[in-house]
Amino acid sequence: MAYPRQPLLAPNGAVATSQPLAAAAGLAVLRRGGNAVDAALATAITLTVVQPPSNDIGGDLFAIVWDGERLHGLNASGRSPAALTRELVLAATDRRGAEPVEALGGAQAGGPAMPARGWLPVTVPGAPAGWRDLHERFGSLPFAELFTDAIGYAQHGFPVAPGTAATWAYGVAGHVGLTGQEFAEFDRVFTVDGRAPGRGEWWRNPDAAGTLRRIAESRAEDFYRGRIAGALDAHAARTGGFLTGGDLARHSSTWVDPVRVRYRGHEVWELPPNGQGIAALLALQILDGVDLAALSPAERLHWQIEATKLGFADAHAYVADPERSAVPTAALLDPGYAATRRALVTDRAAEPVAGEPERGGTVYLCTADSGGMMVSLIQSTYMAFGSHVVLPGHGFALQNRGLGFRIDPEHPNVVGPAKRPYHTIIPGFLTRDGAPVGPFGVMGGHMQPQGHVQLVSATLDAGRDPQAALDTPRWYWHAGRVVLVEPELDPDLAAALRARGHEVVVADQPAAFGYGQAIWRHPYGGYVVGSESRVDGAMLGW
């Protein structure tokens with residue numbers, strides 16, 4: 001028989017993430033006297049080396065930090081190149097033809113979509129600046145010390161973990177047919193004789209080791225204004241890209257106030273747009289007005305799915321770069337607006353539309369230390385190796401976050417110069433009456449808000465510990481009435497959902513349902529920790 005995975009109980013501090021070597025790097029920092037931010041950074045930087053299909057130096061980062069008294073949010077996502085216009089994208093797409101991709105929640109269905117690979121979807125990488133900015137405000141150990149394990153694994157190699165090997169193979173398969181000069185470096189860096197490294201096979205990336213050393217020694221200045229920036233500028237100019245040294249030099253992270261809704265006597269926190277965390281908050285605020293405990297299991301699932309659909313409908317309609325468009329965040333999170341959306345839910349599956357509020361490939365990790373500081377951090381290049389554009393001699397791929405833009409000229413998230421796109425990666429945090437409960441997150445593109453809804457509900461409605469909440473069979477909705485469910489879901493529940501009009505498909509694809517982590521403060525002291533059992537998830541404490 002299969003035995004359930006048990007949660008970790010840690011008296012002093014903990015690290016949870018999707019790759020054991022990265023978790024060990026963070027734990028080592030905690031044991032050397034570093035705080036939760038130091039540990040989060042060591043983990044995040046190491047993840048770029050040991051899990052490169054899902055995140056890389058050329059990606060973005062978002063974080064929520066509990067400093068012992070209050071929450072702080074960091075939006076370290078990059079903006080589009082200043083030269084990128086809608087007209088340029090349309091012209092280039094007409095010439096090349098955009099490869100078919102799964103748009104964000106159907107956000108671009110029915111019209112032209114942003115290309116997924118190459119230079120067009122490349123935005124400025126925000127992760128290196130995010131590492132620096134988090135350390136500048138909260139770090140305690142020397143910045144360069146946090147790169148030790150990552151540089152060591154890149155220089156000397158490591159055995160590829162099973163889950164990472166599967167994602168790697170998927171990413172390499174997606175590289176077939178990409179023939180432009182901008183893609184020439186990919187095979188040399190990320191394949192072994194044209195194939196993905198297998199599970200347990202040793203892999204090294206000495207070019208990435210050199211890049212990480214320069215970022216560590218310059219506190220990321222070299223990436224945005226130095227040698228690396230110059231190399232990116234030259235590579236783009238040589239291969240038809242739009243990213244310039246000026247775009248890199250103008251990049252900055254943004255400190256933001258997290259936003260929240262009440263749920264079952266707790267506060268659930270997300271970062272405001274341009275991220276999609278608001279979709280999770282909208283769904284949870286709808287559900288908070290429903291007595292789920294009084295419903296049958298099938299009715300509970302039905303309500304969760306329908307509330308999530310409504311949350312996504314509004315997120316896809318309104319989320320954009322708040323520096324460039326007026327995003328009605330406060331109006332969307334108004335309890336009165338949630339009541340109007342709640343009234344739309346019937347006992348039948350529906351195809352959602354956005355409401356009218358009053359106007360006014362990813363890794364997740366969490367850490368906690370003995371002083372009570374906690375971090376919720378997520379970073380990504382998106383879609384297994386992002387754009388597949390790799391900077392020669394530097395060992396990293398650039399993200400394709402521009403895929404989150406719309407082509408519709410009337411949409412607030414329309415593609416344009418120096419804009420942040422709709423972003424899928426979202427860190428979460430839970431408090432109660434202003435006191436911290438802990439950080440949580442579920443990676444996986446469109447799965448992330450619905451993963452947050454399911455994890456929070458399993459915790460607060462079902463009373464499960466973080467590991468049991470993460471192990472609860474998940475469902476995944478993308479568009480229309482189709483709902484994917486894991487094989488472990490009770491067949492009677494699946495049948496009951498079908499009776500309500502849901503087109504239920506049993507999918508034995510763990511990656512489709514996301515990978516999560518959570519750390520809760522234990523009522524008797526210390527922490528209780530859960531880590532994803534669907535992949536190489538690790539939770540370490542001391």
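The following paragraphs lead through two sheets, the helices that pack on them, the nonpolar cores and a few individual residues of this predicted model.

The seven-stranded sheet is a convenient place to begin. This open sheet has the strand order β7-β4-β3-β11-β10-β2-β19, and its pairing is antiparallel. Its edges are formed by β7 (254–256) and β19 (538–541); each has a single partner strand, so one side of each is left without a neighbour in the sheet. From one strand to the next, the twist averages 15 degrees.

Strand β2 (residues 14–17) shows how the pairing works in detail. Four bridges connect β2 to strand β10 (residues 362–368), and the two run antiparallel. Within this pair, Thr17 stands opposite Leu365, while Val15 stands opposite Thr367. β2 also pairs with β19 in the antiparallel sense, again over four bridges. There, Val15 has Leu540 of β19 as its bridge partner. Val15 thus has a bridge partner in β10 and another in β19.

In a regular strand, side chains alternate between the two faces of the sheet. In β2, Ala14 and Ala16 point one way and Val15 and Thr17 the other way, and all of these residues are buried. Helix α2 lies across β2, β3 (60–66), β10 and β11 (374–380), and runs at about 20 degrees to β11.

Helix α2 leads on to the interior. In soluble globular proteins, nonpolar side chains tend to be buried together. The largest nonpolar core of this model has 89 residues, of which Trp131 and Phe147 touch the most other members. Helix α2 (residues 36–50) supplies the largest share of this core, 11 residues. When neighbours within four places in sequence are set aside, Phe147 is in contact with Ile45, Trp131, Leu212, Ile215 and Ala216. Apart from this core lies another, of 53 residues, including Ala283, Leu301, Ala315 and Trp520.

Leu301 also takes part in a helix packing. The axes of α13 and helix α18 (residues 491–499) come within 9 Å and cross at roughly 60 degrees. The two helices are therefore oblique to each other, and α13 passes α18 in a right-handed crossing. On the α13 side the contact is made by Pro297, Ala298, Leu301, His302 and Ile305, and on the α18 side by Leu493, Ala496 and Leu497.

A second sheet also involves α13. This open sheet of three strands has the order β14-β15-β16, with mixed pairing. Its edge strands are β14 (475–477) and β16 (503–506), each of which pairs on one side only. The twist in this sheet averages 25 degrees from one strand to the next. Helix α13 (residues 297–318) packs on the sheet, where it touches β14 and β15, and its direction makes about 35 degrees with that of β14. β14 and strand β15 (residues 482–485) run antiparallel and are joined by three bridges; Trp477 has Val483 of β15 as its bridge partner.

Some residues outside these helices and strands also deserve attention. Leu391 is located in the loop between β11 and β12 (428–432). Is this loop residue, Leu391, buried or exposed? With a relative accessible area of 1%, Leu391 is buried, since the cut-off for burial is under 20%. Setting aside neighbours within four places in sequence, the contacts of Leu391 are with Glu185, Ile228, Ala231, Leu232, His235 and Phe396. Leu391 and Asp492 are 101 residues apart in sequence, and their C-alpha atoms are 51 Å apart in space.

The loop between α8 (206–218) and α9 (221–225) holds Arg219 and also Ala220. Most residues other than glycine have a negative phi. Arg219, although not a glycine, has a positive phi of about 55 degrees. Phi is likewise positive in Ala220, with a value near 75 degrees. As for accessibility, Arg219 counts as partly exposed at 28%, whereas Ala220, at 0%, counts as buried.

Conventions. Residues numbered from 1 in each chain as written. Predicted model: local features only at pLDDT ≥ 70, side-chain atom pairs only at ≥ 80, totals over all residues. Heavy atoms only, no water. Pairing = 2+ DSSP bridges. Axes fitted to C-alpha atoms, helices over the stretch in contact; angles between N-to-C directions. Contact = heavy atoms within 4.5 Å. Core = buried A, V, L, I, M, F, W, Y, C linked by side-chain atoms within 4.5 Å. Buried < 20%, exposed > 50% of the residue type's maximum accessible area, 1.4 Å probe, protein only. Parallel < 35°, antiparallel > 145°, perpendicular 65-115°, else oblique. Left-handed = near helix turned anticlockwise from the far one by under 90°.
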